[in-house]
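User: I am new to this structure and would like a friendly tour. Could you take a few questions from me?

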Amino acid sequence: MASIVLKRTGHKMPLVGLGLWKIPKGDCAVRVYNAIQAGYRLLDGAGDYGNEKEAGEGVRRALKEGIVTREELFITSKLWNTFHAHDHAKAAAKMQLELWGLDYFDLFLVHFPIALAYVDPVHRYPPEWWADDGKAVNLQNTPFQETWGAMEELVDEGLAKNIGVSNVAGALLVDILNYARIEPQVLQVELHPYLTQDALLKLAKTLGIAVTAYSSFGPQSYLELGFKGTVKTLFEQDPIVKAARAHERDAAQVLLRWATQRGIAVVPKTNEPRRLISNLDCSSFDLNETEIEAISALNIDLRLNNPADIDPRLAIFA
């Protein structure tokens with residue numbers, strides 16, 4: 001299986017994984033089990049997804065049946081915004097490991113560089129963005145350096161093999177390196193042909209930080225959330241349609257290959273068993289340079305996951 005070698009540890013992170021965002025609790029255990037059975041080895045979860053317990057059930061079933069060993073899996077989770085204070089970050093990570101039924105995460109990411117007021121998991125979990133009234137967004141004055149120190153201690157204690165960041169722009173990424181004892185190994189960001197993030201990719205490559213793309217299908221990922229943009233879906237764009245036809249592949253495979261061919265990991269989610277297989281098979285062909293350039297030229301800097309849409313104080317990409 002194609003993979004990316006992480007700089008600090010030499011661990012291999014698969015290029016294609018299953019994203020667990022928006023997978024309902026009731027389906028998650030079976031979806032995870034089926035994905036592992038189909039050959040997936042990277043699972044991309046998060047505390048905010050609210051399905052870690054069920055994902056862990058799917059993993060344990062696959063382990064029990066001998067389909068895979070724990071060492072063959074690469075399991076990612078993420079620290080939510082309400083747990084950025086040092087002690088809260090460590091406690092949250094341990095709680096999430098218990099939900100998964102794991103001894104360690106292969107990769108643990110800070111989900112957003114945003115500190116929100118602490119919400120006790122006993123009171124509400126996952127806490128999401130808002131206060132109890134569902135309207136207020138309560139910030140907390142926790143510097144990112146404090147959060148990162150807790151992440152490093154998770155590595156020291158063997159609870160996370162690798163640590164990284166998500167939804168981080170270049171300025172913060174560079175700043176983290178000024179104080180990090182253990183540098184971020186992975187940067188996970190929204191990345192698709194409508195948001196190519198070329199400068200950020202170049203920076204990450206220069207720093208030796210692996211990149212994982214989420215929302216690889218662009219607006220398609222947000223239709224079920226009520227996205228009503230005026231742009232075409234990427235599946236309808238001529239460069240993608242033409243490349244799919246030329247290689248006898250589907251548009252989703254072309255979009256994923258546009259990333260993986262450049263060494264960027266992808267974590268698509270799907271509801272269809274057939275698509276589960278075809279997404280995993282996206283690295284079995286190569287786009288030519290002209291095709292990659294034509295797809296990249298679709299960029300319009302369309303960011304679909306922007307916390308500023310929730311509250312202007314959260315404009316981390318401004």
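Analyst: Here are some questions and answers about this model, which is predicted.

User: Welcome me in with two helices: at what angle do H1 and H2 pack?

Analyst: Helix H1 covers residues 25-38 and helix H2 covers residues 52-64. Their axes lie 7 Å apart, and the crossing is right-handed. The packing angle asked for is about 35°.

User: Which residues of H2 does H1 meet, and how many residues of that contact are charged?

Analyst: From H1 come Lys25, Cys28, Ala29, Val32, Tyr33 and Ile36. On the other side, H2 brings Glu54, Ala55, Glu57, Gly58, Val59, Arg61 and Ala62. The residues of this contact divide into eight nonpolar, one polar and, for the charged group, four.

User: How far does H2 reach from its first C-alpha to its last?

Analyst: H2 has 13 residues. At 1.5 Å a residue, a span of 18 Å is expected, and the helix comes close to that. Its reach is 18 Å.

User: What do the buried residues of H2 pack against?

Analyst: The buried residues in question are Glu52, Glu54, Ala55, Gly56, Gly58, Val59 and Ala62. One of them, Gly56, has a relative accessibility of 0%. Together, the buried residues of H2 pack against H1, strand S4 (42-44), strand S5 (74-79) and helix H3 (86-100).

User: Which residue just after H2 takes a positive phi?

Analyst: Look just past the end of H2, where a phi of about 75° turns up. The residue with this positive value is Gly66.

User: Is Gly164 buried or exposed?

Analyst: You can find Gly164 in strand S7 (residues 163-166). Leaving out residues up to four places away in sequence, Gly164 touches Leu107, Phe108, Leu109, Val110, Trp148, Met151, Pro184, Gln185 and Val186. Its relative accessible area is 0%, so Gly164 is buried.

User: What separates the C-alpha atoms of Gly164 and Leu109?

Analyst: Along the chain, these two residues are 55 residues apart. In space, their C-alpha atoms are separated by 4.6 Å.

User: Which residues does Thr147 touch, not counting those up to four places away in sequence?

Analyst: Thr147 lies in helix H4 (residues 144-156). This threonine counts as buried because its relative accessibility is 0%. The residues it touches are Leu79, His84, Val110 and Thr142.

User: How many disulfides are there?

Analyst: A disulfide here needs a pair of cysteine sulfur atoms within 2.5 Å. Cys28 is buried at 0% relative accessibility, and Cys282 is buried at 0% as well. By the sulfur rule, the count of disulfides is zero.

User: Where is the cis peptide bond involving Pro126?

Analyst: Pro126 sits in the loop between strand S6 (107-110) and H4. Omega for the bond leading into this proline is near -5°. The cis bond runs from Tyr125 to Pro126.

User: Where does Asn167 lie, given its positive phi?

Analyst: Phi of Asn167 is near 60°, a positive value in a residue other than glycine. Asn167 counts as buried because its relative accessibility is 2%. Its place is the loop between S7 and helix H5 (170-179).

User: And what is the relative accessibility of Gln197?

Analyst: Gln197 lies in the loop between strand S8 (186-190) and helix H6 (198-207). Its phi is near 50°, a positive value in a residue other than glycine. Gln197 counts as buried, with a relative accessibility of 14%.

Conventions:
Residues are numbered from 1 along each chain as its sequence is written. This is a predicted model: local features need pLDDT of at least 70, side-chain atom pairs count only at pLDDT 80 or more; totals for chains, interfaces and linings use all residues. Side-chain values use heavy atoms; hydrogens and water are left out. Axes are lines fitted to C-alpha atoms, for helices over the stretch in contact, and angles run from 0 to 180 degrees between N-to-C directions. Helices (H or I, at least four residues) and strands (E, at least two) are DSSP runs, numbered from the N terminus. A crossing is left-handed if the near helix is turned anticlockwise from the far one by less than a right angle, and right-handed if clockwise. Contact means heavy atoms within 4.5 Å. Ala, Val, Leu, Ile, Met, Phe, Trp, Tyr, Cys and Pro count as nonpolar, Asp, Glu, Lys and Arg as charged, and the others, Gly among them, as polar. Buried means under 20% relative accessible area, exposed over 50%, partly exposed in between (1.4 Å probe, protein chains only). The expected span of a helix is 1.5 Å times one less than its number of residues.
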